[in-house]
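These are my notebook entries on a few local features and helix contacts. I record each look-up in the order in which I made it.

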Amino acid sequence: MKLYYTHEKGPHMQIEVVADNAALGRAAAERILQTYADRELQVLGVATGGTPATTYRELTKRSEGRLSTLRLAALDEYVGLPADHPASYTTFVLEQIAKPLGIPAGQVGVPRAEAHDLVAAAASFEQQLRDNGGVDLQILGIGSNGHIGFNEPGSQADSRTRAVKLADRTRRDNARFFDSIDDVPREALTQGIGTILEARRILLLASGERKAAALAHAMEQAPSADCPASWLQRHPDVLVIADEAAASALSNRPEINTEA
Ligand code: GLP
């Protein structure tokens, strides 16, 4: 497997560029299974959204039930949706990740955005992460505005799990999972940037032309709250797996790994 750096000096984020989302799913699943085989994976941090769907499918296919003892930690949840709503992230994590991997619901942690007291729910989610020994490998997607989890532009590097207002662009991007844009919640409970940066390893997945500008900003400009994903440059162990379209705006364009 070939890996590339985007910077010649300064903090590095490694990147592997593959042809398309199917290859991305294979490469990411491989990386997760390798971490498990190295006995370095007990708590897997999971992202929702369209990008990692192929990764979870490949992981299910290749793991053959071996991952059923993992704990899963979600990044975020919409405020104002019942946890069992079809578009909730609780439903996504249970139905699209835990169930196929044979992981019991009791091993799945999602921020409790249904709670009346969101400050207490955020604190108890952080406590749960600590009680489980922290996240070993965090899978992330990236929003077209550079968000990670639901940390919208303006999110600082030391932010913790908290309630946030969703950007209009995020609500438009996510409207495809709802009947209409009016049904997309306006708030969410999300792990903070500081929370995410505590994961031991990070795997950032980016797919499609819509992510190209955000990915280039995250990797090639100084870290700032304008592009929350750029804070990942401060983490010592980040691997980005991007498809050709998502990598298309990088100025130091890596070659495509056609073996994935
Ligand atoms: C959502 C989630 C993020 C996800 C992002 C990208 O807003 N909160 O965790 O990474 O969208 O989603 P997609 O992969 O569908 O583009």
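**Entry 1, Glu220.** I began with Glu220, which has a relative accessibility of 23% and therefore counts as partly exposed, since that class lies between the 20% limit for buried and the 50% limit for exposed. I note here that the model is a predicted one. I placed Glu220 in helix H7, which spans residues 212–220. I then looked for partners of its side chain and found a polar contact of 2.9 Å with the side chain of Ser251. I also checked Leu250: 30 residues separate it from Glu220 in sequence, while the C-alpha to C-alpha distance is 7.6 Å.

**Entry 2, Ser155.** Is Ser155 buried or exposed? I found a relative accessibility of 6%, so Ser155 counts as buried. I located Ser155 in the loop between S7 and strand S8 (162–165). Its side chain is joined to that of Arg162 by a polar contact of 3.1 Å. Leaving out residues up to four places away in sequence, I listed Arg162, Ile193, Ala225, Pro228 and Trp231 as the residues that Ser155 touches.

**Entry 3, H1 against H2.** I turned next to helix packing. I found helix H1 (residues 21–37) packed on helix H2 (residues 53–63) at an angle of about 50°, with 8 Å between the axes. I therefore entered H1 as oblique to H2. The crossing of H1 and H2 is right-handed. On the H1 side I listed Asn21, Ala22, Leu24, Gly25, Arg26, Ala28, Ala29, Glu30, Ile32 and Leu33 as making the contact; on the H2 side, Thr54, Thr55, Glu58, Leu59, Arg62 and Ser63. Sorted by class, the contact of H1 with H2 holds seven nonpolar, five polar and four charged residues.

**Entry 4, H2 against H3.** At what angle do H2 and H3 pack? I found an angle of about 20°, with the axes 8 Å apart. H2 is therefore roughly parallel to H3, because angles under 35 degrees fall in that class. I noted a left-handed crossing for H2 and H3. The residues in contact are Tyr56, Leu59, Thr60 and Ser63 from H2, with Phe92, Gln96, Ile97, Pro100 and Leu101 from H3. Here the classes are six nonpolar, three polar and no charged.

**Entry 5, the buried side of H2.** Which residues of H2 are buried? I listed Ala53, Thr54, Thr55, Tyr56, Glu58, Leu59 and Ser63. I then asked what they pack against, and found H1, strand S3 (43–46), helix H3 (89–101), strand S7 (137–140) and strand S10 (201–206).

**Entry 6, positive phi.** Most residues other than glycine have a negative phi, so I looked up exceptions. Directly after H2 comes Glu64, with a positive phi near 45°. I placed Glu64 in the loop between H2 and strand S4 (71–74). With a relative accessible area of 68%, Glu64 is exposed. I entered Arg39 as well, whose phi is positive and near 60°. Arg39 lies in the loop between H1 and S3. Its relative accessible area is 78%, so Arg39 is exposed.

Terms used:
Residues numbered from 1 in each chain as written. Predicted model: local features only at pLDDT ≥ 70, side-chain atom pairs only at ≥ 80, totals over all residues. Heavy atoms only, no water. Axes fitted to C-alpha atoms, helices over the stretch in contact; angles between N-to-C directions. Helix = DSSP H or I, 4+ residues; strand = E, 2+ residues; numbered from the N terminus. Parallel < 35°, antiparallel > 145°, perpendicular 65-115°, else oblique. Left-handed = near helix turned anticlockwise from the far one by under 90°. Contact = heavy atoms within 4.5 Å. Nonpolar A, V, L, I, M, F, W, Y, C, P; charged D, E, K, R; others polar. Buried < 20%, exposed > 50% of the residue type's maximum accessible area, 1.4 Å probe, protein only. Polar contact = N/O pair within 3.5 Å; in protein donor to acceptor, adjacent residues only side chain to side chain.
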